[in-house]
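Me: I would like to understand how the labels given to parts of a protein model are justified, step by step. Could we go through them together, setting each value against its definition?

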Amino acid sequence: RKVARAFKMRGLSIQTSALNGMMNVLRREENPMERDEKMYAILDEIKERMMMNRVSTGSGQLVVTEQLLADVVAELTRNGMDVAEEAVQLLGAFEMPRLAFDSMRKQFSLAAEAMEDGGKRSLFGSATNKVDMYAQRFALIQQRIMRQDLFRPKLVTADGRYSNNTSDTAVNAGSNNKTHVITPIESLLGRTGIKVLLGMIVQVEEGRYYLEDHTGQVPMDLTQTEILTDCFLNENCIVLVEGEINDAGVLTVHRMGNPIIESRLDSLDAIGLQNSDIFSSISSLSELEKLREQEIEHGQDGMFVILSDVHLDNPAVMRNLDTLFEGFEGMQPLPLFVFMGNFVSRSLSALGAATSSGAKMMVGLFDELANLISKYPAIAKEGRFVFIPGPNDAGLTGIMPRPPLPNYFTASLRSK
């Protein structure tokens with residue numbers, strides 16, 4: 001009754017099977033005080049998880065199931081080693097959450113997947129997906145620019161002075177203590193003088209470039225342009241532009257450069273999800289906090305070994321991998337090995353990979369790699385490997401993102 005009442009006081013309902021499981025967990029503690037501490041710790045974790053799920057799914061029911069209770073108890077009994085082993089989370093392109101910027105509310109949110117085809121992502125996007133991609137890219141950069149001191153309006157005090165909520169450098173950078181204003185392209189018509197614009201470089205006509213934003217597009221004259229940043233400026237690139245419109249309706253660009261960058265911490269603060277896992281790979285905030293503690297303790301010792309064009313059919317490559325593994329065998333902690341394709345030196349069509357003999361050849365190459373790794377017990381037991389297929393590897397060619405390697409190629413690696 002005490003346990004059921006504790007759930008009810010937190011606004012939770014509990015299934016009978018879950019209640020019996022809770023009682024079994026609490027009976028393991030002989031000390032009544034420790035038993036109560038464990039019960040309240042489990043309750044708090046369950047309530048946190050269910051509230052997060054309620055926000056993300058909109059569900060109004062708060063019913064504790066046996067599976068949820070088992071997950072929470074398993075998490076609370078994990079030690080630091082368990083957390084460290086699961087610190088690396090691999091997410092495919094189809095599982096990556098997408099951030100969307102709401103220009104009306106001026107805030108970020110995790111984009112909800114379209115409900116067509118059961119809410120699953122597809123390799124075959126529609127025309128609206130392409131438009132939305134460019135619109136979201138522009139909105140993400142525009143909101144970042146508007147947070148910079150050079151483009152953020154200054155507050156004026158009652159005595160006519162500018163408030164000191166921004167740095168003197170940023171204030172003095174504008175003429176007469178005024179910030180720069182980004183002018184929409186549709187507002188250029190009939191307005192003279194030098195303007196600052198944010199837009200994407202597009203080629204509407206052959207050999208003629210335009211600047212485009214969400215309000216319109218205007219042709220550009222780049223003959224007198226000064227490039228402000230050391231960068232590549234190409235088609236579909238979003239740039240900051242300073243120039244003026246002439247009588248012919250052409251934007252004479254005086255200066256052009258990349259949008260202002262900001263630090264990762266500033267971006268997280270602006271997104272407002274710094275205390276959340278935007279990748280949806282961590283089950284709760286307490287789990288995220290444990291990973292942060294592990295990162296502080298062991299993060300400086302972490303290492304990634306990234307190799308590209310690992311041709312498993314080349315004996316020289318296999319000898320070099322042998323030398324590599326020998327050097328890392330006694331290292332703690334072991335690095336994360338990232339092997340990128342192509343994993344064969346010739347195209348799959350030349351190898352006949354579409355046939356059964358070609359598939360057997362690929363399986364044999366990965367078997368040889370598995371045998372090589374098995375020579376080093378520490379790497380075989382604790383090492384972690386990521387295999388990223390190349391354009392000529394097995395699978396759907398010519399399509400990005402690439403799907404993973406077929407499981408039957410890496411079966412021996414996973415079994416050993």
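Reply: Gladly, and please keep in mind throughout that this is a predicted model. A good place to begin is the surface, where Phe94, Leu123 and Phe124 make a nonpolar patch of about 330 Å².

Me: Where is phenylalanine 94 placed, and what makes it count as partly exposed?

Reply: Phenylalanine 94 is found in the loop between α5 (80-85) and β3 (99-102). Its relative accessibility is 38%, and since partly exposed covers the range between under 20%, which is buried, and over 50%, which is exposed, phenylalanine 94 counts as partly exposed.

Me: How do you know that the span of helix α6 agrees with its number of residues?

Reply: Helix α6 takes in residues 127-146, which is 20 residues, and at 1.5 Å a residue they should span 28 Å. The C-alpha atoms at its ends are 29 Å apart, which agrees with that expectation.

Me: Which residues of α6 are buried, and what covers them?

Reply: The buried residues of α6 are Gln136, Phe138, Ala139, Ile141, Gln143 and Ile145. Their cover includes the strands β3, β4 (107-110), β5 (195-205), β6 (208-213) and β9 (238-245).

Me: Why is the pair of glutamate 262 and arginine 147 called a salt bridge?

Reply: The name requires a side-chain nitrogen of Lys or Arg within 4 Å of a carboxyl oxygen of Asp or Glu, and the closest N and O atoms of glutamate 262 and arginine 147 are 2.2 Å apart, so the pair meets the definition. Glutamate 262 lies in the loop between β10 (251-257) and α8 (264-271), while arginine 147 lies in the loop between α6 and α7 (168-173), so the pair ties together parts that are 115 residues apart in sequence. Arginine 147 itself is partly exposed, because its relative accessible area is 24%.

Me: How many salt bridges does the structure hold, and what makes glutamate 242 and arginine 255 one of them?

Reply: The structure holds four salt bridges. Between glutamate 242 and arginine 255 the closest N and O atoms are 3.0 Å apart, and this pair therefore falls within the 4 Å cut-off. Glutamate 242 belongs to strand β9 and arginine 255 to strand β10, so the pair ties together parts that are 13 residues apart in sequence.

Me: Why is glutamate 242 called buried, and why is arginine 255 called partly exposed?

Reply: Glutamate 242 has a relative accessibility of 19%, and it counts as buried because buried means under 20%. Arginine 255, with a relative accessible area of 34%, is partly exposed, because partly exposed values lie between the 20% and 50% limits. For the chain as a whole, 32% of the 416 residues count as buried.

Me: How do you know that cysteine 231 and cysteine 237 form no disulfide with each other?

Reply: A disulfide is a covalent bond between the sulfur atoms of two cysteines, and the rule used here asks for a pair of cysteine sulfur atoms within 2.5 Å. The closest cysteine sulfur to that of cysteine 231 belongs to cysteine 237 and is 6.8 Å away, which is too far for a bond. By this rule, the count comes to zero disulfides.

Me: Is cysteine 237 buried or exposed, and what about cysteine 231?

Reply: Cysteine 237 is buried, because its relative accessible area is 13%, whereas cysteine 231 is partly exposed, because its relative accessible area is 27%.

Conventions. Residues are numbered from 1 along each chain as its sequence is written. This is a predicted model: local features need pLDDT of at least 70, side-chain atom pairs count only at pLDDT 80 or more; totals for chains, interfaces and linings use all residues. Side-chain values use heavy atoms; hydrogens and water are left out. Patches are made of residues with over 30% relative accessible area and no salt bridge: like charges are joined within 9 Å, nonpolar side chains (Val, Leu, Ile, Met, Phe, Trp, Tyr) within 5 Å. Accessible areas come from the Shrake-Rupley method with a 1.4 Å probe; for residues, only the protein chains shown count as cover. Helices (H or I, at least four residues) and strands (E, at least two) are DSSP runs, numbered from the N terminus. Buried means under 20% relative accessible area, exposed over 50%, partly exposed in between (1.4 Å probe, protein chains only). The expected span of a helix is 1.5 Å times one less than its number of residues. Contact means heavy atoms within 4.5 Å.
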